[in-house]
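Got a minute to go through some labels together? Let's take them one at a time and see what each rests on.

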Amino acid sequence: MKNDTILLDHGSGGLASGELIRDIFLSRLGNPVLGQLEDSAIIETDRGRLAFSTDSYVVDPLFFPGGDIGLLAVHGTINDLAMRGARPLCLSLAMILEEGLPLDDLQRIVASIDNACRESGVPVVTGDTKVVQKGKGDKVFINTSGIGLVDEGLDISARMARPGDAVILSGSMGDHGITILGQRAGISLFGNLRSDTRALHRLVQKLLATVPGGAVHTLRDPTRGGVATSLNEIAAAAGVAIELDEDCIPVTPQVAAACEILGMDPLYLANEGKCLAVVDGTHGAAALAAMHGMPEGRDARIIGRVTESPPGQVVLHTAAGGARIVRSLTGEPLPRIC
């Protein structure tokens, strides 16, 4: 690693995060399952295939339009399981609370967790609570882990993307990132924009039930690092290239305006309720129709395609008729986004 201390960039989900994971964690803990670096691990057992995932949430502020840290914690882990095609069964919940946190805030967060679990049908079945001294934390940090079941023969992975596949995005980019940015700055410049946090497991099951078995090759929820970083990870893992059509990528007018004012690229903004689906191109239209039939995917679009070369490269064909290479996120434009 280039630095001898941890920087905010190491938590961006971009290039620095990848370097941290590779050089510090995988160099010591690496094994064939962990080394796949998927949203959740698939574990083969005598009684079936399990998906197992964990994630931590440190978003600032705790409450924002469209959600709060509790909703993110439930939805995020459910989505990490869903991105391997798993049917989520249950969650764990661990909370680190800072001395001085108002009990009203904690009750509000737990109520959100309860609502999210009920709506998704995925309960919390075990948990833990720790309290740290005032000044030793920042109000609330949450960790959730989840277990799900994966059907026999289903193999959804970044390495499965193939030339000829269609790349589908389930909705508009950057709603969560711009919402957090606006709330943190205390500005209402971006109208009624809200976080897109939501569970995607039902959308994925609808997709898998509609498209013939094996045609859904890759699923990713483009959270930290956004669509750009997720697609670079897929291209690298599969050894393929990905071409995007800027005209086809959905961005709300509020996000587009905010990005223009702030000089940000929506391709790198965080999303919490959207997924990328890489599907056999002959079934792209059917996959899109299936997603349109669900509220989570009503704004889905085919935004590009997988090609053979150059391996590992993502190219954006711009609305103006040009083309530019889209790389993984570098730097940390907005820390503690989730």
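**Salt bridges, strands and exposure**

In this predicted model, the side chains of Asp 138 and Arg 336 form a salt bridge, with N and O 2.7 Å apart. That pair ties together distant parts of the chain, 198 residues apart: Asp 138 sits in the loop between strand E6 and E7, Arg 336 in the segment after strand E14.

Q: Why is Asp 138 called partly exposed?
A: Its relative accessibility is 21%. Buried means under 20% and exposed over 50%, so a value in between gets "partly exposed". Arg 336, at 27%, counts as partly exposed too.

Q: What makes Asp 265 and Arg 324 a salt bridge?
A: Their closest N and O atoms are 3.0 Å apart. The cut-off is within 4 Å, so the pair qualifies.

Q: Why does Arg 118 count as exposed?
A: Arg 118 comes in at 63% relative accessibility, and the label needs over 50%, so it fits. Asp 114 has 34% and is partly exposed. These two side chains meet in a salt bridge at 3.0 Å, N to O, and both lie in helix H3, 4 residues apart, about one turn of the helix.

Q: How do you know that strands E2 and E7 pair?
A: There are 9 bridges joining them, and they run antiparallel. Pairing takes at least two bridges, so E2 and E7 pass. One of the contacts puts Thr 54 with Ser 145 as its bridge partner in E7.

Q: What makes E5 a partner of E7?
A: E5 and E7 share 10 bridges in the antiparallel sense; at least two are needed, so they pair. Leu 91 stands opposite Gly 146 in E7.

Conventions: Residues numbered from 1 in each chain as written. Predicted model: local features only at pLDDT ≥ 70, side-chain atom pairs only at ≥ 80, totals over all residues. Heavy atoms only, no water. Buried < 20%, exposed > 50% of the residue type's maximum accessible area, 1.4 Å probe, protein only.
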